[in-house]
Amino acid sequence: MLQQTRVKTVVDYWHHWMQRFPHVFALAEADLNEILKVWAGLGYYTRARNLHKAARKIVDEHAGAFPDTYSEVRALPGIGRYTAGAICSFAFNQATPILDGNVIRLLTRLYGIQENPKEKPTNEMLWGLAAELVKTADRLSSGRAPDCAHLNQALMEMGALVCTPKAPRCGECPLQHHCCAYRDGLVESLPNLGQRASMTPRTFAAFLIHRQGKWLVRQRPNNGVNAGLWEFPNVEVSDGTLSPSELLSQMLEPALPATPEKLEHVGTIRHSITRYRITLHVYHTSVPMPKHRHHHRRHSSGTWYRPSELEGLAFPSAHQKILRRFITTPPSTK
Ligand code: SF4
């Protein structure tokens, strides 16, 4: 939950999650839609799906007990090399390495590694160094003290608190006498992270379409970005040649049973995801009820829901924002 999110944001989610899924069996048995709903707003929904899959695997293959070997931990959905190393060293004091941004910074400076640590051979070399260090701690230990856990924790803490990205505290650093970057005056230039990939701006138009107390939303397909989540109809504004109403009718016709009345720009939501900086222009409109009696709640453009029903659906965070900002606190035009 804490990945990419502040502790303050997570606390309430954590309590809610633990109330609803107090043990691994509850999580394994839960319906994915409910899990996604409890997770909604934290973003990166793959993590919620993976938690669910991992819980199932733990129940099915390990009788509900968390596994304690590296290969079994690594085989759980959502657990990669770093997380498996962290779990096995912290929880079981095994000699498994970890390498995150903090450890990379510390090791590249300490050993004076000038190659880009994101490039594969250098990255592998750093994993090798981290493995050597934790194995050495294990070898030198008395067999009782949790030295692997301490070593890995210390590497992370050193990177986070002493060997910081800006203005590292070399004067107080216990490793100063061994540090190649300090000796060679390279502290400022390491780690060599190359050119940062720039963020690509993308602009979308999202439509709040209102019909007699209900709003049109649609569910994303079960694969791809935000799979299975709900969203307000939206479309990428590629080159600005089409007006918002042209975009809307292009997207919804002929499924929308009535032509929208005037479209009003009610606000803009900005957010960033991976390497995209996204601007979402939000438009509001009302459509009349269709004339023929047998209109359906669900059609190919989406489904009509009341605000109270919308509250029960899982939206990606940008659309969650739209819901809170414009529907649960409705626009004045309504
Ligand atoms: Fe980092 Fe400075 Fe310590 Fe070297 S001496 S490890 S650069 S804090």
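Valine 11 has a relative accessible area of 36% and is therefore partly exposed, a class that lies between buried (under 20%) and exposed (over 50%), computed with a 1.4 Å probe and protein chains only. The model is a predicted one, in which local features need pLDDT of at least 70 and side-chain atom pairs count only at pLDDT 80 or more, whereas totals for chains, interfaces and linings use all residues. Residues are numbered from 1 along each chain as its sequence is written, and side-chain values use heavy atoms, with hydrogens and water left out.

**Exercise 1.** Place valine 11 in its helix and identify the nonpolar surface patch to which it belongs.

Solution. Begin with the secondary structure: valine 11 is part of helix H1, which spans residues 7–20; helices (H or I, at least four residues) and strands (E, at least two) are DSSP runs numbered from the N terminus. Next, consider the surface, where Val11 joins Leu2 and Val7 in a nonpolar patch with about 260 Å² of accessible area together. Patches are built from residues with over 30% relative accessible area and no salt bridge, like charges being joined within 9 Å and nonpolar side chains (Val, Leu, Ile, Met, Phe, Trp, Tyr) within 5 Å. The areas come from the Shrake-Rupley method with a 1.4 Å probe, and for residues only the protein chains shown count as cover.

**Exercise 2.** Describe the salt bridge between lysine 57 and glutamate 61, and state how the two residues are spaced in helix H4.

Solution. Side chains of opposite charge can pair when their charged atoms come close. The criterion for a salt bridge is a side-chain nitrogen of Lys or Arg within 4 Å of a carboxyl oxygen of Asp or Glu, and across the whole structure the search finds 9 of them. In the bridge between lysine 57 and glutamate 61, the N to O distance is 3.4 Å. Because the partners are 4 residues apart in helix H4 (residues 46–62), about one helical turn separates them. As for their surroundings, lysine 57 is partly exposed at 22% relative accessible area, while glutamate 61 is exposed at 51%.

**Exercise 3.** Which parts of the chain do the bridges of arginine 202 and arginine 220 tie together?

Solution. Take arginine 202 and glutamate 236, whose closest N and O atoms are 2.7 Å apart in their salt bridge. This pair links distant parts of the chain, with arginine 202 in strand E1 (residues 200–211) and glutamate 236 in strand E4 (residues 234–236), 34 residues apart. Arginine 202 is partly exposed at 25% relative accessible area, and glutamate 236 is partly exposed at 31%. Then turn to arginine 220, which bridges to glutamate 231 with the closest N and O atoms 3.1 Å apart. Arginine 220 lies in the loop between strand E2 (214–219) and strand E3 (230–231) and glutamate 231 lies in strand E3, so the bridge ties together parts that are 11 residues apart in sequence. Here arginine 220 is partly exposed at 26%, whereas glutamate 231 is buried at 6%.

**Exercise 4.** Arginine 202 and arginine 81 also meet aromatic rings: at what distance does arginine 202 sit from the ring centre of tyrosine 276, and at what distance does arginine 81 lie from that of tryptophan 127?

Solution. A charge sits over a ring if NZ of Lys or CZ of Arg is within 6 Å of the ring centre and within 35 degrees of the ring normal. The charged end of arginine 202 is 4.7 Å from the centre of the tyrosine 276 ring, over which it sits. Arginine 81 lies over the face of tryptophan 127, at 4.2 Å from the ring centre, and Arg81 is also linked with Lys120 and Glu124 in a network of salt bridges.

**Exercise 5.** How many aromatic pairs does a search of the whole structure find, and what is the geometry of the pair formed by phenylalanine 207 and tyrosine 283?

Solution. The search returns 5 aromatic pairs. Rings of Phe, Tyr and Trp (its six-membered ring) pair if their centres lie within 6.5 Å, planes under 30 degrees apart being stacked, over 60 edge-to-face and the rest tilted. Phenylalanine 207 and tyrosine 283 are stacked, at 5.8 Å centre to centre and 25 degrees between the planes. Their pair links distant parts of the chain, phenylalanine 207 in strand E1 and tyrosine 283 in strand E6 (residues 276–286), 76 residues apart. Phenylalanine 207 is buried at 1% relative accessibility, and tyrosine 283 is buried at 14%.
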